[in-house]
Each structure stands twice: as structure tokens, then as C-alpha cells.
Amino acid sequence: MVDPSKFHVLGIVGSPRQGGNTEILVDEILSGAEKNGAIIEKVILNKLNINPCQACNSCYKTGKCMHNDDMIELLMKMEHNDLWVLGTPIYWWGPTAQFKIFLDRWYCPQHKTFKGKYVILAIPFEGGHSKYARHTVGILKDVLNYLSMELLETILAPGVGNRGAIREKEDIIKKAHNAGQKAIETLKKVKK
Ligand SMILES: Cc1cc2nc3c(=O)[nH]c(=O)nc-3n(C[C@H](O)[C@H](O)[C@H](O)COP(=O)(O)O)c2cc1C
């Protein structure tokens with residue numbers, strides 16, 4: 001249920017590894033937001049049936065995607081949420097296939113309603129330097145900028161390979177939690 005008196009935050013996890021570093025990071029950001037009164041929700045892309053864009057332009061011609069899949073409901077959820085926490089690990093310098101398929105499906109008339117939405121990025125990866133995330137961060141910054149969306153913060157977690165390794169990075173976990181809290185404070189100020 002959408003409560004108009006509260007801010008709504010949607011976590012979107014692009015890793016196929018359940019309970020992995022991306023999910024932990026997204027959960028931490030969501031928990032920070034919840035602490036400041038937000039209503040939170042999370043989706044795991046790998047559990048959804050989201051098909052790749054076929055570039056048929058039927059969404060523009062008919063207002064409907066040719067795919068009748070879980071992206072329809074997810075797009076509605078996205079529209080109802082003020083802030084999206086987008087999480088993907090780095091796979092070969094890019095986002096996961098699940099996340100890229102999801103991102104390509106933003107190519108639809110609804111993307112016009114994304115204008116003014118707020119985003120936090122959560123990106124873990126095994127390499128020990130932020131350069132490994134540069135292409136993914138670059139893609140997402142450009143897409144968000146193109147759609148007139150607002151990127152509040154990017155939480156990078158370098159040096160985490162094994163499932164759950166992020167838990168040992170207390171500084172990053174704290175940063176993620178604070179990012180969620182801070183985002184709600186920002187929303188309270190700008191949406192007053
Ligand atoms: C197919 C695959 C490709 C990967 N490519 C990279 C990479 O290019 N750079 C990197 O630093 N880590 C890479 N990794 C490591 C993951 O980014 C890392 O294990 C991350 O913490 C996984 O997050 P998760 O636990 O949420 O799945 C790769 C892992 C997989 C499975």
C-alpha cells in the first residue's frame with residue numbers, strides 16, 4: 001500500500017547470489033531509510049521474469065510492451081517509489097546480465113515519469129580499486145542524467161569477492177546505512 005504521508009524506497013537487487021554482497025548492501029541502505037520513517041520494499045531481479053528488450057518499439061506505438069512479464073508490475077512499483085536503491089555487482093566491468101536486461105526495459109513511455117526520482121547506487125566487486133566499477137557507474141550516471149533523475153550517492157564496495165565478505169567492511173556498511181538515512185532527510189527537505 002502506498003502511504004502518501006511517507007517516503008517510499010524500493011531496493012532493486014541485480015545479483016543472482018541470494019544473501020550476497022549486493023543484497024547486504026542494499027538491505028543496509030534500506031534499513032537506514034526505514035530508520036528515518038520510510039516505507040521500504042525490495043525486489044530481486046533474478047527471481048523475476050524479465051525478458052530482454054526486442055527494440056520493436058511497440059511500447060511507443062501501442063503504449064504496451066510486447067512482453068507480458070514481471071517488468072509491468074515492477075515499473076508500476078518504481079513509479080510509486082520516491083527513491084530507488086539500485087544494486088548490482090560488477091561482472092566483467094559491467095553490471096550483471098539481469099541488471100542490464102532490467103535497465104534496457106526502461107526504454108518505454110514510462111521512463112518520462114522517472115523524472116525527479118532519487119537514486120542511490122550500491123556496487124560491490126572483487127577488485128581492490130574503484131576503477132573496476134568505472135564503466136558501470138558511468139553508464140548509470142549517464143542514464144540517470146538523461147532521464148533527469150537525481151543520483152544522491154554511490155556506494156562502492158571494492159575488495160569483496162565471496163558471498164558476505166562485505167560484512168567485514170564495517171566502514172562501507174556504515175556508509176551504506178548513513179546513505180539511506182541521509183537520503184530521507186534530503187527528501188524531507190526538498191519535498192516540503
Ligand atoms: C561472472 C562474474 C564476473 C565478475 N567480474 C568481475 C570484474 O570484472 N571485476 C571485479 O572486480 N569483480 C568481478 N566479479 C566479482 C563480483 O563482482 C564480486 O564477487 C561481488 O562481490 C559479487 O556480489 P554478490 O555477492 O552480490 O553477487 C565477477 C564475478 C562473476 C561471477
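## Core and sheet of a predicted model

Of the 41 residues in the largest nonpolar core, I29, L83, V85, I120, A122 and I155 touch the most other members; such a core is a set of buried Ala, Val, Leu, Ile, Met, Phe, Trp, Tyr and Cys residues joined through C-beta atoms within 7 Å, where buried requires 20 or more other C-beta atoms within 10 Å of a residue's own, C-beta atoms being placed from the backbone. The elements giving two or more residues to this core include those tabulated here, helices (H or I, at least four residues) and strands (E, at least two) being DSSP runs numbered from the N terminus.

| Element | Residues |
|---|---|
| β1 | 8–13 |
| α1 | 21–35 |
| β3 | 83–87 |
| β4 | 118–124 |
| β5 | 150–157 |

This is a predicted model, in which local features need pLDDT of at least 70 and side-chain atom pairs count only at pLDDT 80 or more, while totals for chains, interfaces and linings use all residues. Residues are numbered from 1 along each chain as its sequence is written.

The open sheet has 5 strands in the order β2-β1-β3-β4-β5 with parallel pairing, two strands counting as paired if DSSP finds at least two bridges between them. β2 (39–44) and β5 stand at the edges with a single partner strand each, so one side of each is left without a neighbour in the sheet. Between β3 and β4, which run parallel, there are 5 bridges, and L86 stands opposite L121 in β4.

Leaving out residues up to four places away in sequence, I29 touches V85, I120, A122, I155, A176, A179 and G180, contact meaning C-beta atoms within 7 Å.

Terms used: A residue is buried if 20 or more other C-beta atoms lie within 10 Å of its own, exposed if 12 or fewer, and partly exposed in between; C-beta atoms are placed from the backbone. Two residues are in contact if their C-beta atoms, placed from the backbone, lie within 7 Å.
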